[in-house]
Amino acid sequence: MGAQRRLLVTYTLDRTLWATSFDDAVGRTKSALIKHGFGVLTEIDVKATIKKKIDADIDEYLILGACNPRMAFEAMKLEPKVGAMLPCNVILRGVDGGNVMVSAIDPVASMQAIDNEVLNSLASKVRSMLAEVVAEI
């Protein structure tokens, strides 16, 4: 029997910001999201939450719940329950002492669970928009 290969599935669009303060990275990310038609609906400070709930220390870690209202509206018209998969999360996390990794969900990967070609096409458009956001940060 041949060795099994593990298929690497990419589910985020990533960029590392080298020698960048966390606050600067957050500001740049929010600005890029707004410029490309996204609003930030939620902001979860995971580091503070982990410290408060279980008294553990982790590096900076922030989840931004980003939403493009027009795209979300179109998606909900196509699949009313798609809201369970929204908004598009963008995470920022401190890595390697002084760097920040920004990762945005790949909506194409997340929408694979739904058998709807039109929705998949819409997810591709949102992916392109998020890719522009990540590249601009």
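Just after helix 2, D55 takes a positive phi of about 50 degrees, and since this is a predicted model, please take that value, like the others I will mention, as one computed from predicted coordinates. At the other end of that helix, which spans residues 46–54, a side-chain oxygen of D45 reaches to within 3.2 Å of the backbone nitrogen of K47.

Let me turn to the sheet. It is an open sheet of five strands, in the order 1-5-4-3-2, and the pairing is antiparallel. Strand 1, residues 12–17, and strand 2, residues 39–45, stand at the edges, and because each has a single partner strand, one side of each is left without a neighbour in the sheet. From one strand to the next, the twist averages 20 degrees.

Helix 1, residues 22–35, packs on this sheet, where it touches strand 1, strand 2, strand 3, strand 4 and strand 5, and its direction makes about 160 degrees with that of strand 4.

Strand 4 itself deserves a slower look. Strand 4, residues 88–95, is joined to strand 5, residues 99–105, by six bridges, the two running antiparallel; among the paired residues, G94 has V100 as its bridge partner in strand 5, and L92 has V102. With strand 3, too, strand 4 pairs in the antiparallel sense over six bridges, and here the partner of Y61 in strand 4 is R93. Is strand 4 enclosed by the rest of the structure or left open? Six of its eight residues are buried, so strand 4 is largely enclosed by the rest of the structure. Strand 4 and strand 5 form a hairpin with three residues between them, and in the turn D96 has a positive phi of about 50 degrees.

Now to two loop residues, beginning with T20, which is found in the loop between strand 1 and helix 1. Buried means under 20% relative accessible area, and because T20 has 10% relative accessibility, it counts as buried. A polar atom of the T20 side chain lies 3.0 Å from the backbone oxygen of W18. If we leave aside its neighbours within four places in sequence, T20 is in contact with A25, R28, G98 and V100. As for M101, it is 81 residues from T20 in sequence, whereas the C-alpha atoms of the two are 9.9 Å apart in space.

The second loop residue is D106, found between strand 5 and helix 4, the latter being residues 107–110. With a relative accessible area of 6%, D106 is buried as well. Which side chain makes a polar contact with that of D106? The side chain of R127 does, at 3.0 Å. Apart from neighbours within four places in sequence, D106 is in contact with T10, Y11, T12, L13 and R127.

That leaves the packing between helices. The axes of helix 1 and helix 5, the latter being residues 117–136, come within 9 Å and cross at roughly 145 degrees, and helix 1 passes helix 5 in a right-handed crossing. On the side of helix 1 the contact is made by A32, L33 and K35, and on the side of helix 5 by L130, V133 and E136. Sorted by class, that contact has four nonpolar residues, no polar ones and two charged ones. Helix 1 therefore has two contacts to keep in view in this model, since it packs on the sheet and also meets helix 5 through the residues I have just named.

Definitions and conventions: Residues numbered from 1 in each chain as written. Predicted model: local features only at pLDDT ≥ 70, side-chain atom pairs only at ≥ 80, totals over all residues. Heavy atoms only, no water. Pairing = 2+ DSSP bridges. Helix = DSSP H or I, 4+ residues; strand = E, 2+ residues; numbered from the N terminus. Axes fitted to C-alpha atoms, helices over the stretch in contact; angles between N-to-C directions. Contact = heavy atoms within 4.5 Å. Buried < 20%, exposed > 50% of the residue type's maximum accessible area, 1.4 Å probe, protein only. Polar contact = N/O pair within 3.5 Å; in protein donor to acceptor, adjacent residues only side chain to side chain. Left-handed = near helix turned anticlockwise from the far one by under 90°. Nonpolar A, V, L, I, M, F, W, Y, C, P; charged D, E, K, R; others polar.
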